Amino acid sequence: MDTQPAPFVPPAPKPRTSPPSTLEMIRIVYRNPLELWGEPTYNEPWISAKGAGGPLVIANDPGLIRHVLVDNAKNYKMATVRQKILRPILRDGLLTAEGEVWKRSRKAMAPVFTPRHIFGFVQPMLKRTLEFVTRYEAGGTSDIAHDMTLLTYDILAETLFSGEIAGEPGSFANEIDRLFETMGRVDPLDLLRAPDWLPRLTRIRGRKTMAYFRKIVTDTVKMREEKVRRDPDAVPQDFLTLLLKAEGPDGLTRPEVEDNIITFIGAGHETTARALGWTLYCLAESPWERDRVEQEIDRVLAREPDPAKWLDAMPLTRAAFDEALRLYPPAPSINREPIVPEMWKDLYIPKHAAVLVMPWVVHRHRKLWDRPDAFLPERFHPGNREKIDRFQYLPFGAGPRVCIGASFAMQEAIIALAILLSRFRFDATAETKPWPVQKLTTQPQGGLPMGVTPRPR
């Protein structure tokens with residue numbers, strides 16, 4: 001009698017069994033915050049404690065998460081530590097803006113991400129993916145983590161910027177890694193809430209890279225403005241044009257326009273790239289799951305040429321992607337800070353507490369998931385996914401600040417996976433030993449070197 005093999009348990013830090021010292025905690029937070037959390041964090045509905053920078057609340061209960069992110073979201077601002085990390089990079093981009101600036105930006109961008117516009121992106125997504133995968137035709141070994149960064153950059157450039165981003169894609173991919181390595185991580189002084197005038201040595205190294213990105217943005221805007229002057233009828237009505245149209249006394253300032261461009265060029269493609277890489281890795285280590293996904297993709301592509309319909313037609317492929325998002329959420333931590341103190345049930349949340357809603361922890365919580373550390377796409381198969389609480393699965397956040405590009409990312413991912421897995425097989429090698437590290441996203445330390453073999457067609 002055939003039995004299914006034991007599910008693959010991908011690499012992750014083991015929960016700590018004893019609390020670290022303050023010095024050790026600072027060292028861990030700088031190196032890899034995913035290694036900080038102990039057994040109680042993965043078992044309790046919430047934890048209230050005194051942290052290095054003040055009161056700390058870890059929210060795991062879906063009801064508490066809903067309260068913080070939705071029901072009483074008006075009482076929770078972006079956490080101070082998070083802003084200290086991200087604002088030097090993104091300034092007043094959509095991820096870091098607050099108050100009226102955030103409202104203006106969100107309103108300006110909303111038309112791009114309506115279902116009608118998202119469906120309009122399918123052909124450019126397909127075109128760029130088909131062009132990209134030709135690099136694998138000879139087979140061999142490739143760093144899939146790096147490759148997915150290039151692919152999602154190509155797709156983003158084509159769909160939101162009509163292929164008109166200044167700079168070279170290869171150089172961009174290298175620089176984005178360097179940016180997140182230097183600036184996209186917690187500095188010990190941030191953790192201790194030190195004053196801003198104290199220099200963050202961890203970010204000084206990133207200034208050159210930051211200047212590189214700012215120059216890309218400036219050059220991209222100049223290219224588009226020149227096109228508007230030269231031939232206004234030929235200007236594409238894309239994300240970039242929409243942002244420039246939103247510039248003005250009642251809309252966005254020029255710095256806010258540029259901040260949102262760099263937010264989408266940088267963070268907007270990085271998250272999907274990481275999720276695609278982890279999905280291909282988990283499927284490679286679970287060949288029985290990969291077989292199901294490949295068979296589904298082959299069936300759908302044989303009968304359905306419209307990529308706009310692939311997301312609904314490929315539930316097993318989507319389930320594998322969703323499960324990779326659960327195990328390796330691209331944004332592993334959502335940080336908030338209450339404006340005024342409050343009670344939730346019998347939990348007191350003091351003013352200025354660091355309130356952490358951590359998808360990394362919530363997605364692996366022992367009370368919320370069966371075999372939480374295992375790669376089990378069946379959790380998200382039709383009939384199962386409907387049983388998952390909305391606030392126990394948070395790959396794109398929740399509430400007013402839910403990721404505006406979530407539908408874009410899901411469509412992009414399924415199209416990319418469909419083409420990649422219909423044409424090639426991705427296998428782990430002796431060098432495939434990723435370790436999840438939290439920077440701005442959950443990244444595989446050491447990359448994802450994988451063997452790539454053309455599939456018979």
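**Notebook: strand E5, helix H13 and the aromatic rings**

I began with strand E5 and noted that Ile 334, Arg 336 and Pro 338 point one way from it, while Asn 335 and Glu 337 point the other way, and that all are buried. I keep in mind throughout that the model is predicted.

How many of the residues of strand E5 are buried? I found that five of the five residues in this strand, which spans residues 334–338, are buried, so E5 is largely enclosed by the rest of the structure.

Next I looked up the partners of E5. Strand E3, residues 76–78, pairs with E5 in the antiparallel sense over three bridges, and here I noted Arg 336 of E5 as the bridge partner of Met 78. Strand E8, residues 354–357, also pairs with E5 in the antiparallel sense, over three bridges, and in that pairing Arg 336 stands opposite Val 355 of E8.

I then turned to helices H4 and H13. Helix H4 covers residues 99–109 and helix H13 residues 254–284, and I recorded that they pack at an angle of about 65° with their axes 11 Å apart. The crossing of H4 and H13 is right-handed. Which residues make the contact? On the H4 side I listed Val 101, Arg 104, Ser 105 and Met 109, and on the H13 side Glu 256, Asn 260 and Phe 264. Sorted by character, the residues of this contact between H4 and H13 divide into three nonpolar, two polar and two charged.

My last entries concern aromatic rings, for which the count comes to 17 aromatic pairs. One of them joins Phe 132 and Tyr 136, an edge-to-face pair at 6.2 Å centre to centre with 80° between the planes; both Phe 132 and Tyr 136 are buried. For Trp 278 and Tyr 281 I noted ring centres 6.1 Å apart and planes at 70°, so this pair is edge-to-face.

Where do Trp 278 and Tyr 281 lie relative to each other in helix H13? They are three residues apart in H13, and therefore separated by about one helical turn. Are these two residues buried or exposed? Trp 278 counts as buried because its relative accessibility is 0%, and Tyr 281 counts as buried because its relative accessibility is 4%, the cut-off for buried being under 20%.

Finally, I came back to Phe 264, which I had listed in the contact of H13 with H4: Phe 264 belongs to one aromatic cluster together with Phe 113, Phe 121, Phe 161, Phe 239 and Phe 408.

Technical notes:
Residues are numbered from 1 along each chain as its sequence is written. This is a predicted model: local features need pLDDT of at least 70, side-chain atom pairs count only at pLDDT 80 or more; totals for chains, interfaces and linings use all residues. Side-chain values use heavy atoms; hydrogens and water are left out. Axes are lines fitted to C-alpha atoms, for helices over the stretch in contact, and angles run from 0 to 180 degrees between N-to-C directions. Helices (H or I, at least four residues) and strands (E, at least two) are DSSP runs, numbered from the N terminus. A crossing is left-handed if the near helix is turned anticlockwise from the far one by less than a right angle, and right-handed if clockwise. Contact means heavy atoms within 4.5 Å. Ala, Val, Leu, Ile, Met, Phe, Trp, Tyr, Cys and Pro count as nonpolar, Asp, Glu, Lys and Arg as charged, and the others, Gly among them, as polar. Buried means under 20% relative accessible area, exposed over 50%, partly exposed in between (1.4 Å probe, protein chains only). Two strands pair if DSSP finds at least two bridges between them. Rings of Phe, Tyr and Trp (its six-membered ring) pair if their centres lie within 6.5 Å; planes under 30 degrees apart count as stacked, over 60 as edge-to-face and the rest as tilted.
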